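Here is a short tutorial in questions and answers. Let us open the model and read it together.

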Amino acid sequence: MLTRNCLSLLLWVLFDGGLLTPLRPQLQQTLATEPRENVIHLPGHRSHLQRVKRGWVWNQFFVLEEYMGSEPQYVGKLHSDLDKGEGTVKYTLSGDGAGTVFTIDETTGDIHAIRSLDREEKPFYTLRAQAVDIETRKPLEPESEFIIKVQDINDNEPKFLDGPYVASVPEMSPVGAYVLQVKATDADDPTYGNSARVVYSILQGQPYFSIDPKTGIIRTALPNMDREVKEQYQVLIQAKDMGGQLGGLAGTTIVNITLTDVNDNPPRFPKSIFHLKVPESSHIGSAIGRIRAVDPDFGQNAEIEYNIVPGDGGNLFDIVTDEETQEGVIKLKKPLDFETKKAYTFKVEASNLHLDHRFHSAGPFKDTATVKISVLDVEEPPVFSKPLYTMEVYEDTPVGTIIGAVTAQDLDVGSSAVRYFIDWKSDGDSYFTIDGTEGTIATNELLDRESTAQYNFSIIARKVSNTLLASKVNILINVLDVNEFPPEIAVPYETSVCENAKPGQIIQIVSAADRDLSPAGQQFSFRLSPEAMIKPNFTVRDFRNNTAGIETRRNGYSRRQQELYFLPVVIEDSSYPVQSSTNTMTIRVCRCDSDGTILSCNVEAIFLPVGLSTGALIAILLCIVILLAIVVLYVALRRQKKKDTLMTSKEDIRDNVIHYDDEGGGEEDTQAFDIGALRNPKVIEDNKIRRDIKPDSLCLPRQRQPVEDNTDIRDFINQRLQENDVDPTAPPYDSLATYAYEGNGSVADSLSSIDSLATEVDQDYDYLTDWGPRFKVLADMFGEEESYNSDKVT
């Protein structure tokens with residue numbers, strides 16, 4: 001402190017005494033022993049020529065923080081060289097805290113702090129001072145800045161901002177192993193005094209751990225700390241300022257330290273022998289027991305691997321590790337049988353997976369225990385002698401024939417009888433039966449290999465002493481084929497031959513198909529039917545490889561003479577009994593070119609000009625069809641135009657016409673009638689003979705005399721025409737009823753009065769009596785009518 005004061009005094013002498021002349025006012029720091037001695041001199045202006053002195057020379061003011069006095073705290077004094085003590089100078093203060101934190105006496109220039117200050121809140125204040133003439137209000141000196149620094153006191157304790165701490169250290173670590181470094185922060189000024197100088201110490205946690213007083217590093221203090229003995233430690237750390245001296249402030253924090261595990265303990269079985277009881281009915285792969293070795297370590301250091309030491313019965317069992325419980329799970333590898341062996345003994349070894357080389361000297365990290373397994377007797381179902389039975393039977397085997405047998409035994413002590421049953425769920429058709437006592441299987445129905453070639457069902461064996469105990473086995477029965485179907489020609493059954501074919505030419509190769517299950521090496525033979533061997537046009541050549549060829553025997557064939565040939569081919573198989581069949585092939589004669597390419601096989605093509613192609617034939621046929629359609633349409637239109645507008649009315653005149661089918665030649669007339677005579681009655685006068693038939697060269701037996709007009713027909717038609725004209729429901733055209741008469745094939749001529757050329761008075765029916773007894777009734781009828789008319793005239 002004395003050195004700093006001397007240095008300040010020397011600087012003041014150099015600057016203020018004239019040894020140094022600054023270019024502009026500047027701040028110069030000097031520390032005073034007492035705050036009351038802080039004075040700022042404000043030098044005045046000089047009129048005579050001499051060295052210009054510095055305008056401001058002052059100390060850096062200090063003010064004590066947390067001041068608790070009753071009077072304002074004195075900070076320092078402002079003084080100008082121009083101030084002669086006459087009261088003509090006024091001092092002003094501005095800047096940080098001016099007027100609120102700091103005040104100045106305008107006359108004396110004394111500066112006071114009017115409230116308590118906190119260095120941790122604001123460590124210094126920058127203010128501006130100036131001397132002003134009271135009368136002129138003009139500044140006597142330039143305005144300059146100065147600093148008021150808050151002097152620190154020890155009012156803040158050290159704090160652990162990151163606490164509480166969590167740390168870990170491996171167990172069995174040596175003394176001095178690093179654990180953690182803690183750090184406390186003191187808000188006091190570290191550059192002033194010992195207020196911020198912190199010292200660390202352990203209040204709780206000894207003698208296990210220690211801490212460096214200056215750095216705060218925590219280390220282990222005891223060797224071989226064992227996690228299995230104690231895992232968690234809570235250490236209380238203190239940080240004290242003032243270098244740990246009396247009166248310093250202190251702060252504490254907690255450090256939770258955990259000992260992490262290392263593999264320093266081998267697994268150990270709690271007992272040397274483990275006894276297990278296993279039923280003989282246990283399934284392969286099932287867990288039959290658990291053993292456990294204890295390892296006090298944790299995590300992967302406690303992971304254990306179990307192995308079976310080769311020995312008695314060890315090959316029947318396996319052991320695996322349960323990853324969650326670290327137990328050894330013993331599983332069954334092969335089935336157990338109480339009747340064969342009742343007990344097994346073997347050893348199991350437990351060892352750590354992750355070893356630590358630092359502890360190898362302690363001994364092997366493994367342990368061994370003995371496992372004894374006792375097999376428990378369990379009543380079991382019968383056991384079949386085979387897992388699957390396969391049998392064969394011919395398809396023509398008679399019903400009731402035994403084709404095989406199954407056998408099941410009760411292997412338990414005091415064996416029971418066994419009964420056999422067919423599982424009807426798998427054999428719903430009941431093709432087979434089984435003897436419940438002997439287990440023999442027999443056919444129950446006729447078998448057909450072509451329908452079902454294989455049967456698969458199950459047989460159940462139950463113990464008589466306990467029917468709930470049953471076992472099941474599959475039965476596979478193959479139906480063997482019997483040669484019952486003859487071979488047949490495989491498609492095609494139809495082929496063709498060219499007209500220009502040569503003798504010995506193969507026109508088709510055929511093969512055989514057999515519905516029977518042909519065994520390996522089945523052979524088919526081909527030959528002509530005996531009846532076809534007489535002057536054959538074709539023959540069959542057997543190639544001895546289950547195929548044959550159809551061979552020509554003539555030099556050329558003519559479609560005009562014969563279009564189709566039918567060739568009976570006999571096919572015979574080689575199975576027992578031998579089956580054969582006769583198959584008829586159809587051979588069609590076709591026209592071919594010189595290369596043997598078929599051009600046409602149709603019969604109609606024979607009569608067509610040579611060289612006419614199929615497209616040309618189709619075009620010709622299409623033209624013919626179109627012409628026929630045009631002709632038909634033309635005829636229909638002509639007939640429509642010729643149709644008379646008259647239509648028959650409600651009554652049909654044809655209802656009054658009686659047809660006699662027994663009039664000889666009249667029955668032979670089947671041609672259509674010409675109704676032109678009815679449409680135009682005048683035609684009767686013009687034509688004395690019928691217009692609807694061809695004229696006959698034979699003379700009629702009698703000539704009828706013409707009449708002037710057929711008034712009955714004309715009146716009748718006119719009457720109908722008028723009725724239809726006034727009828728609102730009549731169709732657009734009148735309907736005309738046609739009255740026809742018998743043709744000229746009858747020697748009796750027409751019997752209808754409508755078409756008669758003479759009136760009833762002129763008719764002479766005497767000739768009917770000459771026609772024989774078949775016309776006697778007509779002769780009497782018309783004869784009487786004639787007599788009646790004669791009498792009437794008379």
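A: Let me begin with a definition: two strands pair if DSSP finds at least two bridges between them. Helices (H or I, at least four residues) and strands (E, at least two) are themselves DSSP runs, numbered from the N terminus. Strand S21 (residues 343-352) and strand S22 (residues 366-376) run antiparallel and are joined by nine bridges. Within that pairing, Glu349 sits opposite Thr368 of S22.

Q: What kind of model is this, and how are its residues numbered?

A: The model is predicted: local features need pLDDT of at least 70, side-chain atom pairs count only at pLDDT 80 or more, and totals for chains, interfaces and linings use all residues. Residues are numbered from 1 along each chain as its sequence is written, and side-chain values use heavy atoms, with hydrogens and water left out.

Q: How many helices and strands are there in the protein chain?

A: The protein chain has six helices and 40 strands.

Q: How much of the protein chain is buried?

A: Buried means under 20% relative accessible area, exposed means over 50%, and partly exposed lies in between (1.4 Å probe, protein chains only). Of the 794 residues in the protein chain, 37% are buried. For the surface, accessible areas come from the Shrake-Rupley method with a 1.4 Å probe, and for residues only the protein chains shown count as cover. The accessible surface of the protein chain is about 47700 Å², with 53% of it belonging to carbon and sulfur atoms.

Q: What share of contacts in the protein chain join residues at least 24 apart?

A: A contact means heavy atoms within 4.5 Å. Counting contacts between residues at least 6 apart in sequence, 67% join residues at least 24 apart.

Q: How should I read a sheet, and which strands surround S21 and S22?

A: Strands of a sheet pair through backbone hydrogen bonds, either parallel or antiparallel. Here, four strands form an open sheet in the order S16-S22-S21-S18, with mixed pairing. Strand S16 (273-279) and strand S18 (304-309) are at the edges with a single partner strand each, so one side of each has no neighbour in the sheet. From one strand to the next, the twist averages 30 degrees; the axes behind such angles are lines fitted to C-alpha atoms, for helices over the stretch in contact, and angles run from 0 to 180 degrees between N-to-C directions.

Q: Where is Ser282 found, and is Ser282 buried or exposed?

A: Ser282 is in the loop between S16 and strand S17 (287-292). Its relative accessibility is 19%, so Ser282 counts as buried. Leaving out residues up to four places away in sequence, Ser282 touches Ile288 and Leu332. A polar atom of the Ser282 side chain also lies 2.9 Å from the backbone oxygen of Pro279.

Q: In what order do S25, S28 and S29 form a sheet?

A: These three strands form an open sheet in the order S25-S29-S28, and the pairing is antiparallel. Strand S25 (402-405) and strand S28 (432-434) are the edge strands, each pairing on one side only. Three bridges connect S25 with strand S29 (residues 440-443), and Gly404 stands opposite Ile441 in S29.

Q: Which side chains of strand S35 point to which face?

A: In a regular strand the side chains alternate between the two faces of the sheet. Along strand S35 (residues 525-528), Phe526 and Leu528 point to one face and are buried, while Ser525 and Arg527 point to the other and are not. S35 runs antiparallel to strand S38 (residues 564-572), with four bridges between them; the bridge partner of Ser525 in S38 is Glu572.

Q: How many disulfides are there, and which cysteines do they join?

A: A disulfide is a pair of cysteine sulfur atoms within 2.5 Å, and by this rule there are two disulfides. One joins Cys498 to Cys592, with an S to S distance of 2.1 Å. This pair links distant parts of the chain, 94 residues apart: Cys498 in strand S33 (residues 494-498) and Cys592 in strand S39 (residues 580-592). The other disulfide joins Cys590 and Cys601, with sulfur atoms 1.7 Å apart. Cys590 lies in strand S39 and Cys601 in the loop between strand S40 (598-600) and helix H2 (614-642), so this pair ties together parts 11 residues apart in sequence.

Q: What is the handedness of each link?

A: The link of Cys498 and Cys592 is left-handed, with -85 degrees about the S-S bond. For Cys590 and Cys601 the torsion is about 110 degrees, so that disulfide is right-handed.

Note on methods:
A polar contact is a pair of N or O atoms within 3.5 Å; within protein, one must be able to donate a hydrogen and the other to accept it, and residues adjacent in sequence count only if both atoms are side-chain atoms.
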